Protein chains: 4
Amino acid sequence: MNKTFINNLEEVELSEPIFIEALPGIGHVGKLVAEHLIHELGAVKFAELYSPAFPPQVFVDEEGLIEPMKNEFYYLKSQGEAEQDYIILVGNTQGLSPEGQYEICGTIIDFVHNFGVKNIYTLGGLGTGQPVDKPKVFGAATNIELAEMLKGHDVTLRTADGGIIGASGLILGLGMSKGMSGVCLMGETPGYFIDAEASKAVLTILQKILNVDVDIAKLEERAEETRKMISKAQQMEREMSDRMNIVQGEEDLRYIG
Amino acid sequence: MNKTFINNLEEVELSEPIFIEALPGIGHVGKLVAEHLIHELGAVKFAELYSPAFPPQVFVDEEGLIEPMKNEFYYLKSQGEAEQDYIILVGNTQGLSPEGQYEICGTIIDFVHNFGVKNIYTLGGLGTGQPVDKPKVFGAATNIELAEMLKGHDVTLRTADGGIIGASGLILGLGMSKGMSGVCLMGETPGYFIDAEASKAVLTILQKILNVDVDIAKLEERAEETRKMISKAQQMEREMSDRMNIVQGEEDLRYIG
Amino acid sequence: MNKTFINNLEEVELSEPIFIEALPGIGHVGKLVAEHLIHELGAVKFAELYSPAFPPQVFVDEEGLIEPMKNEFYYLKSQGEAEQDYIILVGNTQGLSPEGQYEICGTIIDFVHNFGVKNIYTLGGLGTGQPVDKPKVFGAATNIELAEMLKGHDVTLRTADGGIIGASGLILGLGMSKGMSGVCLMGETPGYFIDAEASKAVLTILQKILNVDVDIAKLEERAEETRKMISKAQQMEREMSDRMNIVQGEEDLRYIG
Amino acid sequence: MNKTFINNLEEVELSEPIFIEALPGIGHVGKLVAEHLIHELGAVKFAELYSPAFPPQVFVDEEGLIEPMKNEFYYLKSQGEAEQDYIILVGNTQGLSPEGQYEICGTIIDFVHNFGVKNIYTLGGLGTGQPVDKPKVFGAATNIELAEMLKGHDVTLRTADGGIIGASGLILGLGMSKGMSGVCLMGETPGYFIDAEASKAVLTILQKILNVDVDIAKLEERAEETRKMISKAQQMEREMSDRMNIVQGEEDLRYIG
């Protein structure tokens, strides 16, 4: 396996779907929102992405079952009032190396471009590193109209204090080169735990923007489940770190072979 | 040399062989088990894998002889009661970079897939970082039937506390995409020395699962030899570390040129 | 997106243009000079370079608008007394990995070579790490005639104390293999802030060498604007650092996803 | 420039030449020996190797002149009593990344293989990290006959205490896969300065093995010159380190752009 590839599980036809990206990141804010949307609205998985740029490992779930590292595409056909199709991207990892991020995000953009995607929403967290009382939602946009729209929905534009790193930024940047526009929504979060509050704040605004209706109360329950799963992920990242340190630090051989 | 490649030493025909992976890792638990199986059952080396993703170095043995970095495939024709062929993978190194691990493990999976492998056993250690009284064997599986089978052999399923990093995990993950199933067996080990006790625990269970019979007592002797060889390997890893630090730290040029 | 590529915005014909490189670097000395030249002389953007070797992120400007990472080529037709065309390269980033630097700088050299470039000026800073009273301009050249020319313009040849790292060095090195010659001009700078003084020193000498006339007084104003923009860039580099540390250090998952 | 390549300066025919590798490394022991051989015996440069796996930088010499990073091949036609041709490899750098080392050393091996090389001598230092009274010469070989030959020339076989990292090891390892044999000679050195004493010890033995005659006294003079040149190289490595730390540590942007 030398290349990033997408495994199609189902042929689907979608009409100019909106693309929502929510790969795991700080506080798992975006991931929590997307998984809630998928569950509440009954989105259907139709494709999986695998990449040699993912961490070289597998997950083990609560039953001792092995799960490969992957990103997953779900679709959602037009819902109620909102005559709109969606593609939602979640997963258990992001790319590890900078070049890997470009390879993966470029593959994702090519894939959704083929479905006619014109608008992108990337969801994430904005880590403060300290307790957050009532999480704000920060945003940025690829054009001035979308930036104005965000302001109209009580999103604080992220001005003059940095950029957007990782898939949530890069997917918008690469999408621009294909003529797509979009926004990034980031829930304010301390960043060092699974943050359902930040996710609720993001979902509340996303709902209004997309004119979709989901039960936000259930998000807290889901956060609880996610917390358990994620503590595993963090441990794996740490083990990965340790392993990398074998090469870069002063430690003995101690990866699991 | 820009690509991972396999050098075939002998043409062999095998009948749906079981694939056992035991590349060097924590406590060298898996490696010790596999080398014992190879020696006791008379497995025959039939292929070698070389890769630019291995560390850029060579080993020097006790006679001052140079040995390239490599992985080695052995086969074993059906033994006594167990009407079963085997492919066993050992070596003096694993891939260095994450992408390198994918390239190497992908090449390995393609290779054994061509021999009709359907079942995989990956062997390793689970490092506790502290003394272990009577080592348990932990496991994980690619499906529920295999997970049940492990439980029936006194294997503790590794639930809710992380994943499997490196070749032992990745080979199972990549194998799944080719329709293979398998398990990972990990001997509990402090992790900072060659651990024959953990290897014995793994071998005891592996023997029962595979219905193979080997002399476990001799494993301790082999562990002794291995200890010597491995202390060299660890030193090389440290030298490698030092070299990498030239690029990443504040040290002067001091690699061996 | 797996390759570095150049997006042509306009077909231009240039007559043996001089190539000026000023990508962001220490004290942003070169960048400030080049942006001033572009603005004062009315240079026109005609091509953009994108690369998977750039940091995997986007910038967000003061209006909350997203800007992809890129390098930008401007041209300038012959000016007043100086019958000379120019290509000027600026951007918001350099390549991240060493191999990425080669890929990007190689692409740049191929591109400008097609326009008939024979002479290169790379502009940068030379960081002292301590306050600088009256910044000197240091230089190096690809041949003895150019080195003599630099001395004639009060440039201190950078002898016996090191080399030139990054795009400013590599572009000259790769250009030499295409038969191009050139010089690097480096303004002495503490290096830890946007240094308009060092930029003025470089511009003063560059003006004389190129026999071009621009208003140097305005450089200070521009430096002020740049300072704001750059403080963002530095923060992004730090966030990038933090993210890399996830893999290499002992920190938890906390990139923005 | 995306690939390692060799630029041929002269067509030469050589008769089963011996290949001597001496790229810069610990104490610059090998480099000093090779440069002395080249100078004293009048070897002629006939090819240069360039690689995107070299550090992304250029050298500046004492006249302020820029020199690209490169490896250089010299040939030497049969000398006096020793009816033997030679290829000698020197340079101002080694590959930076592990994969880069494989790419470069693989290219080197392919190149010298085409000239009919069957025997390789790689020269380096063995760093002790502490003062060395009378430097020993350590060695390792690709077969038992060469190991015996080394013992006959007072070389201490490097047994049971590690391997050989970098080009000096990898070139032998990759050469073995092409049917070449060879030895590595390593002069004992503290490792933190240019060590003419260690070089003299290596040269003394190499002379006897190769039955070549050069003036060893002059080596000390050459060491003096080299010391100056190398202090620059070390500074560049440090600057390179600093630059890498931008990505991996907590520092601000401060590479020379």
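How exposed is K178(A)? Partly: its relative accessible area is 36%. Keep that residue in mind, as we will come back to its partner. One caution before we go on: this is a predicted model.

Let's start with the sheet in chain C. Nine strands make an open sheet, in the order β1-β3-β6-β7-β2-β8-β12-β9-β10. The pairing is mixed. At the edges stand β1 (5-8) and β10 (156-157) of chain C, and each pairs on one side only. Now look at how β1(C) joins in. Its pairing with β3 (residues 44-50) of chain C is antiparallel, over four bridges. Within β3(C), L49(C) is the bridge partner of I6(C).

Two helices pack on this sheet. Take α1 (residues 29-41) of chain C. Helix α1 touches β2 (18-21), β6 (71-76), β7 (86-91), β8 (119-127) and β12 (181-189) of chain C. Its direction makes about 125 degrees with that of β7(C). Then there is α5 (residues 196-210) of chain C. This helix touches β2, β7, β8, β9 (137-141) and β12 of chain C. Against β12(C), its direction makes about 150 degrees.

Staying in chain C, find K70(C). It sits in the loop between β5 (66-68) and β6 of chain C. Is K70(C) buried or exposed? Buried, because its relative accessibility is 13% and the cut-off for buried is under 20%. What does the side chain of K70(C) make a polar contact with? The side chain of E48(C), at 3.2 Å. Beyond its neighbours within four places in sequence, K70(C) has further contacts, including Y50(C), F54(C), G91(C) and N92(C).

In chain A, K70 turns up again. K45(A), E48(A), K70(A) and E72(A) are linked in a network of salt bridges.

That brings us to salt bridges overall. How many does a search of the whole structure find? Over all chains, 40. Here are three single pairs.

Back to K178(A), as promised. Its side chain meets that of D110(A) in a salt bridge, 3.3 Å from N to O. This pair links distant parts of the chain, 68 residues apart. K178(A) is in the loop between α4 (167-176) and β12 (181-189) of chain A. D110(A) is in helix α2 (residues 98-113) of chain A. D110(A) is partly exposed too, with a relative accessible area of 35%.

Next, chain B. K151(B) forms a salt bridge with E148(B), and the closest N and O atoms are 3.5 Å apart. Both residues lie in helix α3 (residues 144-152) of chain B. They are three residues apart, about one turn of the helix. K151(B) is partly exposed, at 45%. E148(B) also counts as partly exposed, at 45% relative accessibility.

Then chain D. E16(D) forms a salt bridge with K118(D), with the closest N and O atoms 3.0 Å apart. E16(D) is in the loop between β1 (5-8) and β2 (18-21) of chain D, and K118(D) is in the loop between α2 (98-113) and β8 (119-127) of chain D, so the pair ties together parts 102 residues apart in sequence. E16(D) is partly exposed at 48%, and K118(D) is partly exposed at 45%.

Now helix α5 (residues 196-210) of chain B. Does its length fit? Its 15 residues, at 1.5 Å a residue, should span 21 Å, and its end C-alpha atoms are 20 Å apart, which agrees. Eleven of the 15 residues of α5(B) are buried, so the helix is largely enclosed by the rest of the structure. Among those buried are A196(B), V202(B), L206(B), Q207(B) and L210(B). Which residue caps the N-terminal end of α5(B)? D195(B): one of its side-chain oxygens lies 3.1 Å from the backbone nitrogen of E197(B). After the helix comes N211(B), with a positive phi near 60 degrees.

Last, a sheet built from two chains. Its three strands run in the order β5(A)-β4(A)-β11(B), open and antiparallel. β5 (66-68) of chain A and β11 (163-165) of chain B each have a single partner strand, so one side of each is left without a neighbour in the sheet. The twist averages 30 degrees from one strand to the next. Strand β4 (residues 57-60) of chain A is joined to β5(A) by three bridges. V60(A) stands opposite I66(A) there. Across β4 and β5 of chain A and β11 of chain B lies helix α4 (residues 167-176) of chain B, at about 75 degrees to β5(A).

Key: Residues numbered from 1 in each chain as written. Chains lettered and ligands numbered in written order. Predicted model: local features only at pLDDT ≥ 70, side-chain atom pairs only at ≥ 80, totals over all residues. Heavy atoms only, no water. Pairing = 2+ DSSP bridges. Contact = heavy atoms within 4.5 Å. Axes fitted to C-alpha atoms, helices over the stretch in contact; angles between N-to-C directions. Buried < 20%, exposed > 50% of the residue type's maximum accessible area, 1.4 Å probe, protein only. Polar contact = N/O pair within 3.5 Å; in protein donor to acceptor, adjacent residues only side chain to side chain. Salt bridge = Lys/Arg side-chain N within 4 Å of Asp/Glu carboxyl O. Expected span 1.5 Å × (residues − 1).
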